[in-house]
Amino acid sequence: MSWEWKEADLDRVLVPIGLLMIIAYHAFFINRYRKFPLTTVLGCDNYYRKIWAEKFLQLDAKDRGTSVNVISSNISAASTLSSVSLVLSSLIGAWIGSSKEKDIFVSSIIYGDTSPRIVSIKYVALLSFFLVAFAAFIQTTRNYALATFLITIPSCDIPVNYVQKPIIKASHSYTVGMRALYTAGTLIMWIFGPIPMFVSSVSLVAILYYLDRNLTPPHQFQPLNLTPLYKIGEEVTSSVNRVLHHRE
């Protein structure tokens with residue numbers, strides 16, 4: 001009994017390969033981030049976030065308004081993305097409930113498996129990644145809100161790592177949410193067939209590999225050597241005295 005190639009077999013071959021490529025790349029990225037964090041954009045960004053938290057905590061609580069505004073802008077971005085993810089999840093759920101046999105997802109123009117079982121898997125997979133993105137962005141908002149509470153406590157010595165920790169957690173959650181949206185994009189292409197999904201998966205891995213690399217060494221921040229005004233005045237006075245003494 002010979003095996004015969006069928007159109008539906010494309011989904012069983014290309015889709016798992018595409019997903020495995022994305023999973024393998026992120027496993028490689030996590031390993032590199034843990035061992036050599038400064039060679040990744042995420043590690044370099046978190047390094048700057050730690051320095052930023054350390055520097056603004058040296059200010060008085062009343063002078064940290066700019067820092068609060070920066071965190072508030074990040075909270076707004078995460079809240080917007082969580083709302084978008086939730087709305088898309090709701091639309092997909094409504095689409096599943098009202099879908100009919102004759103729609104674009106089972107159209108004859110799609111080259112691949114268009115059975116109701118595969119169509120249901122497409123819906124559920126897409127819905128799952130949007131829900132993961134929603135949960136990740138909610139965690140981002142929660143951690144940034146905690147950091148805001150800590151840095152605005154008046155007349156209190158807050159350890160630097162107490163503020164750095166929620167900020168870094170928020171950064172990680174935001175990254176997870178964005179990667180979930182990226183993967184959801186490839187699953188959207190699966191709706192139009194396994195070949196577009198596989199091509200989008202390869203493109204996504206190539207683009208992320210290029211964007212995640214950091215080839216620039218991070219800047220080593222040093223405190224500014226600001227000379228007090230009274231010292232400048234003393235230096236000017238001494239210089240004038242030397243000139244007058246030389247003329248005499």
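Is Y174 buried, partly exposed or exposed? Select Y174 and take a look: with 30% relative accessibility, this residue counts as partly exposed, since the partly exposed class runs between 20% and 50%. Keep in mind on this tour that you're looking at a predicted model.

**Stop 1: a ring pair across the chain**

Keep Y174 on screen and add F137. F137 has 0% relative accessibility, so F137 is buried. Now look at the two rings together: the centres of F137 and Y174 are 5.7 Å apart and the planes meet at 65°, which makes the pair edge-to-face, because anything over 60 degrees gets that label. Colour the helices and you'll see that this pair joins distant parts of the chain. F137 belongs to helix α4 (residues 116-151) and Y174 to helix α5 (residues 160-190), with their positions 37 residues apart in the numbering.

**Stop 2: helix α1**

Next, jump to helix α1 (residues 9-35) and select Y25 and F28. They sit three residues apart, about one turn of the helix. Which of the labels stacked, tilted or edge-to-face fits their rings? The centres are 6.4 Å apart and the planes are at 45°, so this pair is tilted. Check the surroundings too: Y25 is buried at 8% relative accessible area, while F28 is partly exposed at 41%.

Add F29 to your selection. Y25, F28 and F29 make up one aromatic cluster. Then show R179, which lies over the face of F29, 5.2 Å from the ring centre. Before moving on, here's the tally: the model has five aromatic pairs.

**Stop 3: the largest nonpolar core**

Time to go inside. In soluble globular proteins, nonpolar side chains tend to be buried together. The largest nonpolar core here has 14 residues. Select F56, I71, Y144, I151, V163 and I167, the members that touch the most other members. Which helices supply at least two residues each? They are α2 (41-56), α3 (65-98), α4 and α5. Helix α4 gives the most, with four residues.

Zoom in on I167 and show its contacts. Leaving out residues up to four places away in sequence, I167 touches R49, W52, A53, Y144 and A147.

**Stop 4: a second core**

For your last selection, pick V119, Y123, F130 and W190. These are among the members of a second core of 13 residues, separate from the one you just left.

Technical notes
Residues are numbered from 1 along each chain as its sequence is written. This is a predicted model: local features need pLDDT of at least 70, side-chain atom pairs count only at pLDDT 80 or more; totals for chains, interfaces and linings use all residues. Side-chain values use heavy atoms; hydrogens and water are left out. Rings of Phe, Tyr and Trp (its six-membered ring) pair if their centres lie within 6.5 Å; planes under 30 degrees apart count as stacked, over 60 as edge-to-face and the rest as tilted. Buried means under 20% relative accessible area, exposed over 50%, partly exposed in between (1.4 Å probe, protein chains only). A charge sits over a ring if NZ of Lys or CZ of Arg is within 6 Å of the ring centre and within 35 degrees of the ring normal. A nonpolar core is a set of buried Ala, Val, Leu, Ile, Met, Phe, Trp, Tyr and Cys residues joined through side-chain atoms within 4.5 Å. Contact means heavy atoms within 4.5 Å.
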